[in-house]
Amino acid sequence: MSAAGGQERESQCGGQDEAGRADHAAAYYPPPVHRPWVALAAGIALLAGCGGGDKPDGRAVTLPAGRELRVVADEYSFDPEKVTIEQPGELRITLRNEGRLPHDLHVMRGDREVGGTPVFEGGMRSARVGLTRGRYKLVCTVGNHAELGMLGTLEVR
Ligand SMILES: [Cu+2]
């Protein structure tokens, strides 16, 4: 029921280049019977991509100092999407790419890149970043993935 609603709304942003391409990509997902949640998640990500900033909230996590941050990448989302770290210091980030396309995860402070993983397809990659107190962004730097929803926040308290 909700999937049909998603389809309907997707078509409203078909005029945008990036939404068009995302539609195309979504068509290559396995049949719904196989992984129904993937198609649904892609639909949600597409809505987020053309919604103009007010996207549905992704999962939020708070990590104690010294804990590894594990993020799952997919087309086109990060999970979790909102991360709070309780203390400044070095953070190890592991990105698992569950999508079909190459992705990465970079930590940005304003326009300055703090660090991140290489771009890769499938599997996992880790990176270490040194963080001071403040707000950062989590970004996939591949193509227009950030615009399509691969964008998160990281706050260091
Ligand atoms: Cu990406």
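**Figure 1. Confidence across the whole predicted model.** The protein has a mean pLDDT of 78, with 64% of its residues at 70 or more; pLDDT is the predictor's confidence in each residue, on a scale from 0 to 100. Since this is a predicted model, local features need pLDDT of at least 70 and side-chain atom pairs count only at pLDDT 80 or more, while totals for chains, interfaces and linings use all residues. Numbering starts from 1 along each chain as its sequence is written. Over residues 1-32 the pLDDT stays under 50, and the model has 36 contacts beyond four places in sequence for that stretch. Here two residues are in contact if their C-beta atoms, placed from the backbone, lie within 7 Å. Residues 35-54 also have pLDDT below 50, with 41 contacts in the model beyond near neighbours in sequence.

**Figure 2. The overall layout.** Count up the pieces and you get four helices and ten strands, where helices (H or I, at least four residues) and strands (E, at least two) are DSSP runs numbered from the N terminus. Walking along the sequence, the pattern reads α-α-α-β-β-β-β-β-β-β-β-β-α-β. Of the contacts between residues at least 6 apart in sequence, 59% join residues at least 24 apart. Buried residues make up 29% of the 157 residues. A residue is buried if 20 or more other C-beta atoms lie within 10 Å of its own, exposed if 12 or fewer, and partly exposed in between, with C-beta atoms placed from the backbone.

**Figure 3. The six-stranded sheet.** This open sheet runs in the order 1-4-10-9-6-7, with mixed pairing; two strands pair if DSSP finds at least two bridges between them. Its edges are strand 1 (60-63) and strand 7 (112-116), each pairing on one side only. From one strand to the next, the twist averages 25°. For angles like this, axes are lines fitted to C-alpha atoms (for helices, over the stretch in contact), and values run from 0 to 180 degrees between N-to-C directions.

**Figure 4. Zooming in on strands 1 and 4.** Strand 1 pairs with strand 4 (residues 82-85) in the parallel sense, over four bridges. Look for Val61, whose bridge partner in strand 4 is Val83.

**Figure 5. The hairpin of strands 6 and 7.** Strand 6 (residues 106-109) and strand 7 are antiparallel partners, joined over four bridges. Val107 sits opposite Gly115 of strand 7. Two residues lie between the strands of this hairpin, and Gly110 takes a positive phi near 60°.

**Figure 6. The four-stranded sheet.** The strand order in this open sheet is 3-2-5-8, and the pairing is mixed. Strand 3 (77-79) and strand 8 (124-131) are at the edges with a single partner strand each, so one side of each has no neighbour in the sheet. Ignoring direction, neighbouring strands are turned by 30° against each other on average. Inside the sheet, strand 2 and strand 5 (residues 89-97) pair in the parallel sense over five bridges. One bridge to spot puts Ala73 with Asn97 of strand 5.

**Figure 7. Leu69 and its surroundings.** Leu69 belongs to strand 2 (residues 69-74). It counts as buried because 21 other C-beta atoms lie within 10 Å. Leaving out residues up to four places away in sequence, Leu69 touches Leu63, Val83, Leu91 and Ile93. Leu95 is 26 residues from Leu69 in sequence, yet their C-alpha atoms are 8.4 Å apart in space.
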